[in-house]
Amino acid sequence: FSYTGGSLTVNSAPLTIKASQKTAAYGAQMPRLGWKANFVNHDTASSLSRRPSCRVSVRTNRRGLVVSPAGKYRIRCAGAKDSNYRIRYAAGMLRISLAPTKLTYDGPMSVTRLSSVRLSASLMSSAGSPIAGRAIKFTLGKVSARQWCAGLTNSHGVAGCTIRHLMASNGPRVVSVVFRGDPKGRNHDYESAKAIAAVIVD
């Protein structure tokens, strides 16, 4: 018998590194980005010669809170290296949701019929920060004699407006206060809110 030597070629295995899906609310802490991969032979992230880094085009402030508008942002990873793998990448998604809000009526609880009535309310974030520059609508009275006015919140989150000639009949009446939420666009940040209060018309 005689023997002839041969060779065995071990090819690198395909590896897909996929960015992990993440969620956060506007004004909340930016989540830590991550990834997962289809390793073989019980390999783990520490098996790579160089691990990937992941990035997303979402802006944060100095405290690491999200300041980009609500929406979907693509997460991309790159930079991994290892001779045992042929590496490709799959993007993930970071979804920024509208921040919850709290709307509080802080106007008068007793008003006079046929007079001018100044109504007011405050709009705050869930963290208690004032929200400025948002339109607040006030509606007072029954359907048959409903009157409304609107105002923008100031730097303290307070909005006010005046109903010039109150037509509501005497007795307890409802004031409905509504913030419709931010429309899609550059400042798509805060979700809608509503408040209801009972006032006495005399």
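In this predicted model, D182 has a relative accessibility of 10% and therefore counts as buried, since the limit for that class is 20%. D182 is also a charged partner in a salt bridge with R134, in which the closest N and O atoms are 2.9 Å apart. The two residues come from distant parts of the chain: D182 belongs to the loop between β14 (171–179) and β15 (193–201), whereas R134 belongs to the loop between β10 (117–125) and β11 (135–140), 48 residues away. Side chains of opposite charge can pair when their charged atoms come close.

R134 has a second partner. Its side chain meets that of D189 in another salt bridge, with an N to O distance of 3.6 Å. R134 sits in the loop between β10 and β11 and D189 in the loop between β14 and β15, so this contact ties together parts of the chain that are 55 residues apart in sequence. R134 itself is buried, its relative accessible area being 14%, and D189 is buried as well, with a relative accessible area of 5%. The three residues R134, D182 and D189 are thus linked in a network of salt bridges. How many salt bridges does a search of the whole structure find? The search finds two.

S125 offers another view of strand β10, in which it is placed. With a relative accessibility of 12%, S125 counts as buried. Leaving aside residues up to four places away in sequence, S125 touches P100, I131 and Y190.

The next topic is the covalent links. A disulfide is a covalent bond between the sulfur atoms of two cysteines. The structure has two disulfides. One of them is formed by C54 and C77, whose sulfur atoms are 2.0 Å apart. C54 lies in strand β4 (residues 53–56) and C77 in strand β5 (residues 71–78), so the pair ties together parts that are 23 residues apart in sequence. The torsion about the S-S bond of C54 and C77 is about 95 degrees, and the disulfide is therefore right-handed. Both C54 and C77 are buried.

The other disulfide joins C149 to C161, with an S to S distance of 1.9 Å. Here C149 is in strand β12 (residues 147–152) and C161 in strand β13 (residues 158–163), so the pair connects parts that are 12 residues apart in sequence. The link of C149 and C161 is right-handed, with 60 degrees about the S-S bond. Both C149 and C161 are buried. When the bonded cysteines of the chain are numbered in sequence order, the pairing reads 1-2, 3-4.

Strand β12 leads on to a contact between a charge and a ring. The charged end of K137 sits over the ring of W148, at 4.7 Å from the centre of that ring.

Attention now turns to strand β1. In a regular strand the side chains alternate between the two faces of the sheet. Which side chains of strand β1 (residues 13–19) point to the buried face? They are A13, L15, I17 and A19, while P14, T16 and K18 point to the other face and are not buried.

Strand β1 also has pairing partners. Six bridges join β1 to strand β6 (residues 85–90), and these two strands run parallel. Within this pairing, K18 stands opposite A90 in β6. With strand β3 (residues 35–37), β1 pairs in the antiparallel sense over three bridges. There, W35 in β3 is the bridge partner of A19.

W35 also leads to the aromatic residues. The structure holds three aromatic pairs. One of these is formed by F39 and Y85 and is edge-to-face, with 5.8 Å from centre to centre and 80 degrees between the planes. F39 lies in the loop between β3 and β4 and Y85 in strand β6, so the pair ties together parts that are 46 residues apart in sequence. Y85 has a relative accessibility of 6% and therefore counts as buried. Ring pairs link W35, F39 and Y85 into a cluster.

Methods. Residues are numbered from 1 along each chain as its sequence is written. This is a predicted model: local features need pLDDT of at least 70, side-chain atom pairs count only at pLDDT 80 or more; totals for chains, interfaces and linings use all residues. Side-chain values use heavy atoms; hydrogens and water are left out. A disulfide is a pair of cysteine sulfur atoms within 2.5 Å. Helices (H or I, at least four residues) and strands (E, at least two) are DSSP runs, numbered from the N terminus. Buried means under 20% relative accessible area, exposed over 50%, partly exposed in between (1.4 Å probe, protein chains only). A salt bridge is a side-chain nitrogen of Lys or Arg within 4 Å of a carboxyl oxygen of Asp or Glu. Two strands pair if DSSP finds at least two bridges between them. Rings of Phe, Tyr and Trp (its six-membered ring) pair if their centres lie within 6.5 Å; planes under 30 degrees apart count as stacked, over 60 as edge-to-face and the rest as tilted. A charge sits over a ring if NZ of Lys or CZ of Arg is within 6 Å of the ring centre and within 35 degrees of the ring normal. Contact means heavy atoms within 4.5 Å.
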